[in-house]
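Student: I am new to this structure and would like a close look at a single part of it, namely the salt bridges. Could you take me through them slowly and then place them beside the strands and the charged surface?

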Amino acid sequence: MPVEYVKKGNVAIITMNRPEARNAINGEMAATMEAALDQMEADPEVWVGILTAVGKAFCAGADLKEISAGNGGALSTKKGGFAGIARRERTKPLIAAITGSALAGGTEIALSCDLIVAADDTNFGLPEVKRSLVAGAGGLFRLPRQIGKAAALEAILTGDPLSSQRAYELGMVNKVVPEAEVMAEAEKLAARITANAPLAVFASRTVALDAFTKSDEELWKDSGKAFASLVTTEDYKEGPRAFIEKRAPVWKGK
């Protein structure tokens, strides 16, 4: 399978596995990516996902051979958009664990995730303008939100790459580590998240992401609704109980 799915405790590990094509997205990859995300979202025992890749490149973007053969439409899915992920609505956090380059659509896939752990030799970038193309999978608006107007416009209009260290300094990347440590670091980050109450994590993520597009008035209402949605859950009772009993909470996700 060009996209593989493995469950490890409360974490789903989704792996792009088309290294012979630098994990460039074709129709089969888009379809299996969507299926993997469907599986992650549907499993109540999975609270966090990690998206990674096999080979020297995280993802080289769209498979140009497929596009030239007239199969460009297959690179997007109805639910997920480009690569089955760019427009995908999720409730669960997704960490990108990136080794190798992540250019063009590869950067846009990374920006579709919530958190990024990258190797110290990874490069990001939207080089489409160098080929008279436009980055059409969310990069043109997600990158400015992540790193600010000035830095994003420089990257978009020149098409020049950003090193992982520069992306970290600008707030796009959470951790930069040697290549051999990327997956372990991503799993540590996932463990820090899964130590918390999953329903509270999901609700908090939703409100935080909407901070970029909604007014304060709307966000106050959404925050109140998020809190109210937890009051009747078992985990809402477990948190204070565990604190009083001086023990680690045992979350059930319900």
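Tutor: What follows goes through the salt bridges one pair at a time and then turns to the strands and to a patch of charge.

Please keep in mind that this is a predicted model. The count of salt bridges comes to 16, and a few of them are worth following in detail.

One of them joins the side chains of Glu-187 and Lys-8, with 3.1 Å from N to O. Because Glu-187 belongs to helix H7 and Lys-8 to strand S1 (residues 3-8), this pair ties together parts that are 179 residues apart in sequence. Glu-187 is partly exposed, with a relative accessible area of 27%, and Lys-8 also counts as partly exposed, at 47% relative accessibility.

Another salt bridge is formed by Asp-38 and Lys-79, whose closest N and O atoms are 3.0 Å apart. Here too distant parts of the chain are linked, since Asp-38 sits in helix H1 (residues 27-42) while Lys-79 is in the loop between strand S5 (76-77) and strand S6 (81-82), 41 residues apart. Asp-38 is partly exposed at 25% relative accessibility, and Lys-79 is partly exposed at 44%.

A further pair is Arg-205 and Asp-114, whose side chains meet in a salt bridge of 3.1 Å, N to O. Arg-205 is part of helix H8 (residues 198-210), and Asp-114 lies in the loop between helix H3 (105-112) and strand S9 (115-119), so that the pair links distant parts of the chain, 91 residues apart. In this pair Arg-205 is buried, with a relative accessible area of 13%, because buried means under 20%. Asp-114, at 23% relative accessibility, counts as partly exposed.

Salt bridges can also be linked to one another, and Glu-238, Arg-241, Glu-245 and Arg-247 form such a network.

Charged residues appear in another setting as well. Asp-120, Asp-121, Glu-179 and Glu-181 gather on the surface in a patch of negative charge. Of this group, Glu-181 is found in the loop between strand S12 (175-177) and helix H7 (182-194), and Glu-181 is partly exposed, with a relative accessible area of 41%. Helix H7 is the helix that holds Glu-187 of the pair with Lys-8.

The strands give the other side of the picture, beginning with strand S3 (residues 48-53). Six of its six residues are buried, so S3 is largely enclosed by the rest of the structure. In a regular strand the side chains alternate between the two faces of the sheet. In S3 both faces are covered, with Val-48, Ile-50 and Thr-52 buried on one side and Gly-49, Leu-51 and Ala-53 buried on the other. S3 pairs with strand S2 (residues 11-16) in the parallel sense over six bridges, and within that pairing Ile-14 has Leu-51 of S3 as its bridge partner.

There is also an open sheet of four strands, in the order S4-S8-S10-S11 and with mixed pairing. Its edge strands are S4 (57-59) and S11 (162-163), each of which pairs on one side only. S4 pairs with strand S8 (residues 101-103) in the parallel sense over two bridges, and Cys-59 stands opposite Ala-102 in S8.

Key:
Residues numbered from 1 in each chain as written. Predicted model: local features only at pLDDT ≥ 70, side-chain atom pairs only at ≥ 80, totals over all residues. Heavy atoms only, no water. Pairing = 2+ DSSP bridges. Patch = residues over 30% accessible without salt bridge, like charges linked within 9 Å, V, L, I, M, F, W, Y side chains within 5 Å. Areas by Shrake-Rupley, 256 points an atom, 1.4 Å probe, with all protein chains shown as cover. Salt bridge = Lys/Arg side-chain N within 4 Å of Asp/Glu carboxyl O. Lys, Arg positive; Asp, Glu negative; His and termini not counted. Charge placed at Lys NZ, Arg CZ, Asp CG, Glu CD. Buried < 20%, exposed > 50% of the residue type's maximum accessible area, 1.4 Å probe, protein only.
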